[in-house]
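Me: I would like a close look at a single part of this model. Please take one pair of strands and work outward from there.

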Amino acid sequence: MSEDALPQSLSEYLHHTLSNLHPNARMVFVLDPPGRLALASQVNASGRMWAVFRYAGNDLAFRSEMPAVETLRGSVLIWVTARPGQETDSEARLDISSLADLFTRADAWFDLSLVGVLRTLVPGETWPA
């Protein structure tokens, strides 16, 4: 991404990233520890609708909301945030171990923490926590 085209927000960065995925991509993970994106139930990226399912550390609630992978139609975005009440600073930890079955089927995953985005936009630079 050129300096002139740098995104002005995390939401703009996410939309740009989703728009650049292969048209056959069906499932992506978005790691957003502090939950800054505040995503709705759907995201429209360049005319492509992504159904959003939030995972905030409660596997039972997540699994009851999200249909079985075999029955999914269309594009799915799994938005992973820290558990409610957990510290949401740069030290926030995400536990996605219970999502291994989905993570291995994902077409892409994006680290939308501040450091993760900076690493992507300015590769080779070291960023403080």
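Reply: Start with β2 and β3, which pair in the antiparallel sense over four bridges. The model is a predicted one. Within the pairing, Gln 42 of β2 stands opposite Ala 51 in β3.

The turn comes next. The hairpin of β2 and β3 has two residues between the strands. Ser 46 sits in that loop, between β2 and β3 (48-55). Its phi is positive, near 55°, and Ser 46 is not a glycine. Most residues other than glycine have a negative phi. Ser 46 is also exposed, with a relative accessible area of 66%.

The loop before β2 has a similar entry. Ala 38 lies between β1 (27-31) and β2 (42-45). Ala 38 is not a glycine either, yet its phi is positive, about 50°. At 62% relative accessibility, Ala 38 counts as exposed.

Now the faces of β2. Val 43 and Ala 45 form the covered face. Gln 42 and Asn 44 form the uncovered one. In a regular strand the side chains alternate between the two faces of the sheet.

What lies against the covered face? Part of the answer is Leu 18, which is in contact with Val 43 and Ala 45. Leaving aside neighbours within four places in sequence, Leu 18 also contacts Val 28, Trp 50, Leu 77 and Phe 110.

Leu 18 belongs to the largest nonpolar core, which has 20 residues. Leu 18 and Leu 77 touch the most other members of this core. At least two residues each come from α1 (10-19), β1, β2, β3, β4 (75-80), β5 (108-111) and α4 (114-121). The top contributor is α1, with three residues. A second core, separate from this one, has 13 residues, including Met 27, Phe 53, Met 66 and Leu 99. In soluble globular proteins, nonpolar side chains tend to be buried together.

Stay with α1 for a moment. Its buried residues include Tyr 13, Leu 14, Thr 17 and Leu 18. These cover an arc of only 130° around the axis, so they are on the same side of α1. An α-helix has 3.6 residues a turn, so residues three or four places apart point the same way. The cover over the buried residues of α1 includes β1, β2, β3, β4, β5 and α4. The strand pair we began with is thus part of that cover.

Away from the hairpin, look at charge. A search of the whole structure finds two salt bridges. One joins the side chains of Asp 59 and Arg 63, at 3.3 Å from N to O. Both residues lie in helix α2 (residues 59-65), four residues apart, about one turn of the helix. Asp 59 is partly exposed at 26% relative accessibility. Arg 63 is partly exposed as well, at 31%.

The other joins Asp 101 and Arg 63, at 2.8 Å from N to O. Asp 101 lies in helix α3 and Arg 63 in helix α2, so this pair ties together parts that are 38 residues apart in sequence. Asp 101 is partly exposed, with a relative accessible area of 39%. Asp 59, Arg 63 and Asp 101 are linked in a network of salt bridges.

One last loop. Pro 84 lies between β4 and α3 (100-103). Pro 84 is exposed, with a relative accessible area of 73%. The C-alpha atoms of Pro 84 and Gly 35 are separated by 9.8 Å, although the two are 49 residues apart along the chain.

Methods: Residues numbered from 1 in each chain as written. Predicted model: local features only at pLDDT ≥ 70, side-chain atom pairs only at ≥ 80, totals over all residues. Heavy atoms only, no water. Buried < 20%, exposed > 50% of the residue type's maximum accessible area, 1.4 Å probe, protein only. Core = buried A, V, L, I, M, F, W, Y, C linked by side-chain atoms within 4.5 Å. Contact = heavy atoms within 4.5 Å. Pairing = 2+ DSSP bridges. Arc of directions from axis to C-beta. Salt bridge = Lys/Arg side-chain N within 4 Å of Asp/Glu carboxyl O.
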